[in-house]
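Colleague: I would like to learn how to read cavities, pockets, helices and ring contacts in a model of this kind. Could we take the features one at a time?

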Amino acid sequence: MSEHLPALQVVVPLLGAVLAALVRRPGPAWLITVVVSFATPVIAAMLLVQVLDGGVISYHLGGWDPSVGIEYRVDVVNALVLLLVSSVAAVIAPFARLSVLSEVPDDRVAWFYSMYLISLAGLLGIAITGDAFNAFVFLEVSSLSSYALIAMGRDRRALVAAYQYLIMGTIGASFYVIGVGLIYTMTGTLNLGLIAERIGDVESTRPVLVALAFIVVGISLKLALFPLHVWLPNAYAYAPSVATVFLAATATKVAIYLFARFVFSVFGAGFVFADLPVTEILVVLSVAAIFGASTVAIFQSDVKRMFAYSSVGQVGYITLGLSLATVTGLTGGLVHLVNHAMIKAAIFMGLGAVFYRVGKIEFDDIAGVGRRMPITMSAVVIACLSLVGVPGTAGFVSKWYLIVAAIEVGWWWLGLLIVLSSMLTVIYVGRFFECVWFREPAGEVARAGEPPLEMLVPICILAAATVYFGIDTELTAGMAERAAVALLQGVR
Amino acid sequence: MNEFVDLAGRLVSHYNQWITVFLMVSGLYIVIARGNMVKKLVGLSLFQTSVYLLYLSAGKILGGTAPILDPDFTVYSHPLPHVLILTAIVVGVATLALGLALVVRINEAYGTIEEDEIFKQDDDRA
Amino acid sequence: MTPATLILLALVIPTVVAVLLPLFAGRPNVREAVTLIGAVALFAVVLMLLPVVLAGGRPELDVWTVVPGLKIAFSVEPLGMLFALIASGLWIANSVYSIGYMRAEKAHRQTLFYVCFAIALAGTMGVALAGNLFTLFLFYEVLTISTYPLVTHRGTEEARNAGRLYLLMLLGASTILLLPALGWTWVAAETLDFRPGGILGGVVSNTALGLMLGLYVFGTAKAAVMPLHFWLPAAMVAPTPVSALLHAVAVVKAGVFTILKVTVYTFGIETLAEAGTGDWLVYVAGITIVVASAIALRQDNLKRRLAYSTVSQLSYVVLGAALFTPLAIVGAAMHIAAHAVSKITLFFSAGSLHTGTHVDNISEMDGIGGKQPWTMAAFTVGALSMIGVPPTAGFLGKWFILMAAVAIGQWFAVGVIVISTMLNASYFLPIVYRAYRRTGEGRVTLSEAPWPMVLPLVVTAAITVLLFAWPDVPYRLAEMLSQSVAVGPPG
């Protein structure tokens with residue numbers, strides 16, 4: 001049994017999706033989702049333990065040799081990502097029932113869960129696979145299902161957002177697959193490990209450079225690297241709350257993982273960062289993302305959109321950490337990947353609870369909601385403080401690593417920019433804070449109350465996690481550092 | 001003169017790559033330049049098709065047959081790219097289907113599939 | 001109980017109070033009893049630590065390592081002991097006062113008020129007892145954030161604006177300047193611990209030392225060194241007990257405490273004195289002292305005048321730190337204690353005037369000494385202490401700093417102290433004069449504030465005088481601090 005865990009990691013949610021689609025009724029479909037969502041983190045945790053005990057796990061799908069077949073390969077890096085994605089899914093599952101029932105028409109609820117589980121399977125698949133083309137397939141599996149998830153939003157703008165995401169996402173995935181095709185013609189293999197071995201011989205040839213460019217741009221579209229982020233704000237803003245929580249916490253994160261995997265493990269940091277001006281380009285784009293998106297966030301009138309822009313900015317911190325290509329920088333990037341997933345999940349879940357009670361999410365519509373839903377909003381405020389990077393929260397740990405990394409390489413100005421940008425976060429978070437706490441509740445808000453426990457508890461768990469992982473960083477920063485070391489050493 | 005022939009020969013002999021590049025660029029152009037949502041999807045589909053060609057070109061050997069073991073034929077095309085593209089075609093079809101489905105729903109909700117008009121409607125309401 | 005347990009208790013007690021209070025939201029008497037019991041218990045715990053520290057002990061408590069370099073650890077040294085003692089002691093007085101004030105004013109959301117207050121105290125204890133820069137920074141931010149709801153407590157537009165300024169300046173300075181300074185220190189010295197003699201000696205260049213000192217001083221915006229002082233007058237919109245304990249004692253003292261502590265235990269005053277690149281701080285502090293006093297002269301609103309006076313007085317401590325001599329450090333530490341008790345007296349009085357006779361402006365204070373005799377008597381004591389007239393506590397700190405400046409021939413500092421003393425006199429004495437010599441309109445009737453407000457301010461005024469007569473405890477602590485300075489850095 002335990003030797004098949006890597007396959008089960010993907011197969012379980014995939015089967016769950018089929019079951020959910022077959023049962024057709026909201027209740028059982030939700031139940032299946034809960035069971036699957038709780039099973040996946042258990043599998044991920046077992047995988048992580050195996051990796052920590054016995055090193056890299058290599059699983060040959062169907063018994064084929066990696067040179068021709070698909071290999072699932074679990075090391076510290078993707079074990080961490082698997083655990084993150086599946087844990088977020090597990091926390092969302094109990095929250096989902098009421099939120100989905102209130103936002104999605106009854107006859108589509110089962111489809112919603114089916115899509116949700118397919119998306120989960122796809123994301124886990126991207127993380128676990130050691131095959132470049134298989135990663136493309138999972139990328140499309142998760143993307144197609146997430147387009148459908150977004151389109152189920154109540155607002156008709158959700159449809160347009162989903163359509164735009166589909167166009168951008170497909171272009172991104174196609175770019176990626178073009179790059180993979182070029183690599184395949186040059187190295188004759190699709191296995192990431194084998195590519196890494198063979199690419200050294202051909203690394204400065206033109207097709208490999210072109211392949212690198214296509215892959216980097218393609219994945220950057222998926223991870224919403226500035227200025228390829230335009231699909232994200234609308235998609236997050238108009239999707240059903242549960243879909244927003246899930247996508248914000250996981251989709252971009254997995255894309256970032258794939259990016260790191262290619263840049264560090266496959267092409268190699270020496271080639272990408274030392275021989276090519278990738279560091280410079282990425283640093284500029286990351287800083288532009290942090291400042292540009294955070295500034296735009298300040299002026300949004302829709303709260304979900306505001307935090308969606310904030311996500312674009314936060315992705316900037318992660319890519320900034322990656323671009324430095326040092327252990328500290330990479331640790332900072334990876335730890336922020338985990339921390340930001342928790343933070344944003346908590347925030348969007350809190351907003352989902354507000355939406356459940358109030359039915360709207362514009363600033364003016366939720367004024368004073370803190371007075372009526374103090375526990376929910378306190379949890380959101382805690383997550384926001386973590387977003388700002390207040391010491392004692394998870395966000396601070398990531399910022400600390402990033403700042404130290406910048407100072408280590410002697411880029412003072414970068415450290416200064418990182419801390420300056422936190423001020424922009426303070427401004428938009430402060431605006432949200434003033435709106436929900438200081439204004440008098442009116443209209444729907446005045447009649448609102450705390451959401452039911454099954455929604456409240458997941459929110460509080462995530463908010464507590466953002467504080468807990470600001471103090472005990474063994475699992476986050478500790479693992480991130482091991483992952484960073486592993487990435488910088490290459491695959492084998 | 002000889003050099004010219006060489007160059008021309010190289011260009012012509014890689015005609016499959018030129019078709020790939022042409023399809024890729026024109027597909028992408030349609031996606032960007034057109035405001036009609038169906039036409040955009042057509043462009044997107046064209047773009048994806050070019051990728052199929054890219055893979056298949058790499059796997060094809062002139063004079064090679066399908067990889068069926070037979071003593072009469074010793075030269076085979078590489079089967080793996082074909083298998084990959086079979087998967088990619090499925091993905092492409094799914095994408096196109098989903099995209100068209102979304103366009104149908106958009107048409108129901110907005111009464112148009114022109115992007116400009118849709119944005120205008122949203123702006124007016126906001 | 002072991003000292004380590006006591007340290008833990010000092011942090012846990014206010015936290016527990018903060019957790020308990022919402023449970024008694026509907027029962028004001030129980031709620032306020034909990035606050036008072038918590039305050040007394042905290043003071044008792046801190047008091048139990050005192051003999052250990054006076055005996056030369058340095059109780060330590062390692063809690064947790066967050067990531068390499070970021071350790072939550074506590075260590076009680078003389079300066080922190082002094083600060084903890086002042087803050088926890090005055091919390092008792094302030095709690096009694098708050099109960100009177102909040103009830104008399106019929107303030108809304110009182111539970112939130114007490115909860116935030118308790119968290120702020122926990123933050124203050126954390127700052128005071130911190131064993132390294134990260135722990136200090138952590139609790140420094142806890143203090144900032146927990147006091148934000150207190151500043152905005154009134155909920156008016158003015159309060160919200162003040163809150164924005166408060167948060168942006170304090171959080172902004174600490175993130176933009178203090179955090180990089182921490183990062184730099186960590187990269188350079190590979191430790192953030194507080195050690196006698198400092199940790200930066202010999203690891204960075206002299207220019208870098210000067211620059212880092214700037215990052216630390218301006219990053220600690222709570223110290224209100226100009227030009228980062230605007231938040232303090234704006235924060236006066238908060239209820240008076242907040243202004244009294246937080247913006248005269250806990251928050252602002254956390255600022256100057258941080259500067260003093262960093263100078264002594266991170267840089268090391270010998271390192272700074274030899275480098276010579278930190279001398280600019282004397283001028284910045286001196287200018288702040290004089291300019292803030294000059295602005296205070298022109299304020300009619302009593303609380304605003306007191307606020308500018310605070311800005312000015314805080315920079316005495318910074319000035320003391322900036323002279324980089326043991327004697328000046330003694331003066332600075334003494335002044336932290338003296339200013340705390342005097343300024344809280346003044347703010348208590350201002351609140352009492354507001355509640356008793358609804359007077360907020362100095363121009364309305366004619367003859368008020370007859371209406372609120374206890375309040376104005378205490379006010380007079382506080383004012384004299386601010387000027388530095390014996391027999392009040394304010395004299396001591398000033399005297400030491402002055403002596404230190406004379407000893408090293410820092411004539412600019414001497415001039416600043418002399419000028420500012422005159423300025424202090426000219427903005428405090430007219431108030432006293434008005435209150436007693438001029439007669440106001442109408443009949444003089446006794447309209448003293450309720451006793452829970454009057455009692456604390458009389459007590460703190462008494463302490464102001466007593467501290468002059470028996471300055472043993474603060475003086476011994478300050479002297480121990482200055483001696484631990486003299487222990488040179490290893491190697």
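**Pockets, cavities and helices**

Modeller: We can begin with a pocket lining, keeping in mind that this is a predicted model. In the second largest pocket, α2(B) contributes the largest share of the lining, namely 5 residues.

Colleague: Which other helices supply at least two residues of that lining, and what is the volume of the second largest pocket?

Modeller: The volume is about 510 Å³. Besides α2 (15–33) of chain B, the helices that each supply at least two lining residues are α1 (2–13) and α3 (37–59) of chain B and α6 (157–187) and α8 (206–223) of chain A. The lining has 19 residues, and those nearest the centre of the second largest pocket are A:L182, A:P207, B:Q17, B:V21 and B:L54. By class, the lining of this pocket divides into 12 nonpolar, 5 polar and 2 charged residues.

Colleague: What does the UniProt record say about chain B, and how does the model look over those spans?

Modeller: An unreviewed UniProt entry gives "transmembrane region" for residues 15–32, 44–63 and 83–104 of chain B. In the model, residues 15–32 of chain B are 100% helix and 0% strand, with end C-alpha atoms 26 Å apart, while residues 44–63 of chain B are 80% helix and 0% strand, with end C-alpha atoms 32 Å apart.

Colleague: How does one describe the largest pocket, and which helix gives the most to its lining?

Modeller: The largest pocket has a volume of about 1,800 Å³, and of the 50 residues that line it, A:I382, A:L385, C:I119, C:I145 and C:S146 are the closest to its centre. Helix α5 (residues 133–151) of chain C gives the most to this lining, with 8 residues. The lining of the largest pocket comprises 37 nonpolar, 10 polar and 3 charged residues.

Colleague: How many cavities are there, as distinct from pockets, and what lines the largest cavity?

Modeller: A cavity is a space where the probe fits but cannot get out, whereas a pocket is open. There are 7 cavities of 30 Å³ or more, and the largest cavity holds about 110 Å³ of space. Its lining has 13 residues, of which A:L123, A:S142, A:S143, A:Y165 and A:A251 are the closest to the centre. Helices α4 (106–128), α5 (132–151) and α10 (241–275) of chain A each supply at least two residues of the lining of the largest cavity, and that lining has 8 nonpolar, 4 polar and 1 charged residues.

Colleague: Why should the end-to-end distance of helix α6 of chain C agree with its number of residues?

Modeller: Helix α6 (residues 157–189) of chain C has 33 residues and should span 48 Å because each residue adds 1.5 Å; its end C-alpha atoms are 46 Å apart, which agrees. Even so, α6(C) bends by about 35° at C:T175, and C:E190, just after α6(C), takes a positive phi of about 60°.

Colleague: How many aromatic pairs does the structure hold, and what makes a pair stacked?

Modeller: Over all chains, a search finds 42 aromatic pairs. Among them, C:Y97 and C:F348 are 4.1 Å apart centre to centre with 25° between the planes, and this pair is stacked, because planes under 30 degrees apart count as such. The pair links distant parts of the chain, with C:Y97 in helix α3 (residues 78–105) of chain C and C:F348 in helix α13 (residues 326–357) of chain C, 251 residues apart.

Terms used: Residues numbered from 1 in each chain as written. Chains lettered and ligands numbered in written order. Predicted model: local features only at pLDDT ≥ 70, side-chain atom pairs only at ≥ 80, totals over all residues. Heavy atoms only, no water. Helix = DSSP H or I, 4+ residues; strand = E, 2+ residues; numbered from the N terminus. Expected span 1.5 Å × (residues − 1). Bend = angle between axes of the 7 residues up to and from the residue. 1 Å grid on protein atoms, 1.4 Å probe; cavity = no way out; pocket = protein on both sides within 12 Å on 5 of 7 lines; lining within 4 Å. Points joined across faces, edges and corners; volume = space filled by probe spheres on them. Nonpolar A, V, L, I, M, F, W, Y, C, P; charged D, E, K, R; others polar. Phe/Tyr/Trp six-rings, centres within 6.5 Å; stacked < 30°, edge-to-face > 60°. UniProt positions renumbered as here; feature names shortened; annotations may be inferred.
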